[in-house]
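Open the model in your viewer and keep the sequence panel beside it. This tour goes from one selection to the next and says what is there.

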Amino acid sequence: KVFIICSTLCCILFTFIFFALEAAIMSMALQLLFEIPLAIAYVVSAIIVIPLVTHGIAYISRFQVWSQPIWVILQLIPLYFVFTHPDGQLHDWLSFTGNASETGQSFNLLLFGAASAVLLSLVAQIGEQVDILRFLPEKPKTKQQQWRWWFALVSAGPGWIIFGALKLLLGSYLAYFALTQGISIDLADDPAHMYNLAFSLVFDNPQISLIVACCFVVLSQLKINVANAYAGSLAWSNFFSRVTHTHPGRVVWVFFNVAIALLLMELGIYQTIESMLSVYSVLVLAWLSSVVADLIINKPLGISPRHIEFKRSHLFDINPVGVGSMLL
């Protein structure tokens, strides 16, 4: 039987595509720090994630908890020096147009559409949030605990967009600041070069600045990629268990997912990020629109069952409604 489930496919694509992108960023930091070939740095960035993921969500949670204070400190300290720098004026950043000023227009619809296409691919992260929310305990019966339960649900689910938007704005600001300090346009969007510049305002020693900046970038990418690798292993496991009716174990799919991501890195996915994400976002929005339409249109009108079935044995191998709406 042919197995097609839109959400599974989108999660699979999201996990190894973004794993490759995040690991590529980590690789550039390793290359900058250790002066090793980028191809070798790709291998290191891919393999280092595996032992953190194979032990399951409990091990991942411990890693996220103990690394969080370190990450927050390394994030906030250089930002203070950047925002208090004479060239770090917010109004100059908001009025900065870059190469867009060459078009002679204050607003370019094509450039806006191109930027939106890249950013809209990030909505697939909802698939990863589901993998996290499934560990949320059942809704408590007492009213005193219900608000905490709803807060956890919203913040760990759709609330990710708040933090995601802040990170996007911060990245834009740091790229602008890097350009004002003479960093070339090809390197200004690289986090390793961004934070090397930011930490150079904190430390007088350039070697210390480089070490701290690269450690921060590596830690950040690890915190992201453990989620990508874990969610990818679950998606691949669900996919192939329906196709082959066998389950070799989630760890097998961890290696499989990382191997695909490593192949994409070696083929130069980071250099084609804009065109690749522009195409992928179309697939993602088609999937998400089908899901939303079923929840807010079909179910209230009684067209689809109100109950959402999670038992694998009760699901169709081919969902003509979901697949059809996604293709349309």
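Select Glu 35. This residue is exposed, because its relative accessible area of 71% is over the 50% cut-off. Keep in mind that you are looking at a predicted model. Glu 35 sits in the loop between H1 and helix H2, which covers 38–47. Check the backbone here too: phi is positive, about 55°, although Glu 35 is not a glycine.

**Into H1**

Step back to helix H1, residues 6–34, and pick Ile 25. Is Ile 25 buried or exposed? Ile 25 counts as buried, at 12% relative accessibility. Now show what surrounds it. Setting aside residues up to four places away in sequence, Ile 25 touches Pro 191, Val 217, Gln 221 and Tyr 270. Next, draw a distance from Ile 25 to Pro 78. The two are 53 residues apart along the chain, and their C-alpha atoms are separated by 19 Å.

**Along H4**

Pro 78 is one of the buried residues of H4. Select this whole helix, residues 57–83. H4 has 27 residues. From first C-alpha to last it reaches 37 Å, close to the 39 Å expected at 1.5 Å a residue.

Where does H4 bend? Go to Gln 68, where the bend is about 40°. A proline, Pro 69, follows within four residues.

Now color the buried residues of H4: Ile 60, Phe 63, Ser 67, Leu 74, Gln 75, Pro 78, Leu 79 and Val 82. An α-helix has 3.6 residues a turn, so residues three or four places apart point the same way. Look along the helix with that in mind. Which helices do the buried residues of H4 pack against? Show helix H3 (50–53), helix H9 (160–180), helix H10 (191–200) and helix H11 (206–244).

**Between H9 and H10**

Two of those partners, H9 and H10, are joined by a loop that holds Ile 183. Select Ile 183 and show its contacts. Leaving out residues up to four places away in sequence, Ile 183 touches Ala 178, Ala 188, His 193 and Leu 197. Then draw a line to Val 43. Ile 183 and Val 43 are 140 residues apart along the chain, with 28 Å between their C-alpha atoms.

**Stops on H11 and H12**

Move to helix H11 and pick Ala 235. Ala 235 is buried, with a relative accessible area of 7%. Draw a line from Ala 235 to Tyr 59. These residues are 176 apart along the chain, yet their C-alpha atoms are separated by 19 Å.

Stay in helix H11 and select Ser 237. Ser 237 counts as buried, at 5% relative accessibility. What is Ser 237 in contact with, leaving aside its neighbours within four places in sequence? Show His 247 and Trp 253.

Now cross to helix H12 and select Arg 250. At 17% relative accessibility, Arg 250 counts as buried, because the cut-off is under 20%. Its contacts, not counting residues up to four places away in sequence, are Val 53, Thr 54, His 55, Gly 56, Tyr 230, Ser 233 and Leu 234.

**Toward H13**

Follow the chain to Thr 272, in the loop between helix H12 (250–266) and H13. Thr 272 is partly exposed, at 39% relative accessibility. Draw a line to Met 326. Thr 272 and Met 326 are 54 residues apart in sequence, and 25 Å apart in space, C-alpha to C-alpha.

Next, select Asp 294 and Lys 299. Side chains of opposite charge can pair when their charged atoms come close. Here the side chains of Asp 294 and Lys 299 meet in a salt bridge, 3.7 Å from N to O. A search of the whole structure finds one salt bridge. Compare the partners: Asp 294 is partly exposed at 22% relative accessibility, whereas Lys 299 is buried at 10%.

**Last stop: a surface patch**

Pick Val 291 in helix H13, residues 273–298. Val 291 is partly exposed, with a relative accessible area of 33%. Now add Val 292, Leu 295, Ile 296, Ile 297, Leu 301, Ile 303, Ile 308 and Phe 310 to the selection. Together with Val 291, these residues make a nonpolar surface patch of about 890 Å². Turn on the surface to finish the tour there.

Methods
Residues are numbered from 1 along each chain as its sequence is written. This is a predicted model: local features need pLDDT of at least 70, side-chain atom pairs count only at pLDDT 80 or more; totals for chains, interfaces and linings use all residues. Side-chain values use heavy atoms; hydrogens and water are left out. Patches are made of residues with over 30% relative accessible area and no salt bridge: like charges are joined within 9 Å, nonpolar side chains (Val, Leu, Ile, Met, Phe, Trp, Tyr) within 5 Å. Accessible areas come from the Shrake-Rupley method with a 1.4 Å probe; for residues, only the protein chains shown count as cover. A salt bridge is a side-chain nitrogen of Lys or Arg within 4 Å of a carboxyl oxygen of Asp or Glu. Helices (H or I, at least four residues) and strands (E, at least two) are DSSP runs, numbered from the N terminus. Buried means under 20% relative accessible area, exposed over 50%, partly exposed in between (1.4 Å probe, protein chains only). The expected span of a helix is 1.5 Å times one less than its number of residues. The bend at a residue is the angle between axes fitted to the seven residues ending there and the seven starting there. Contact means heavy atoms within 4.5 Å.
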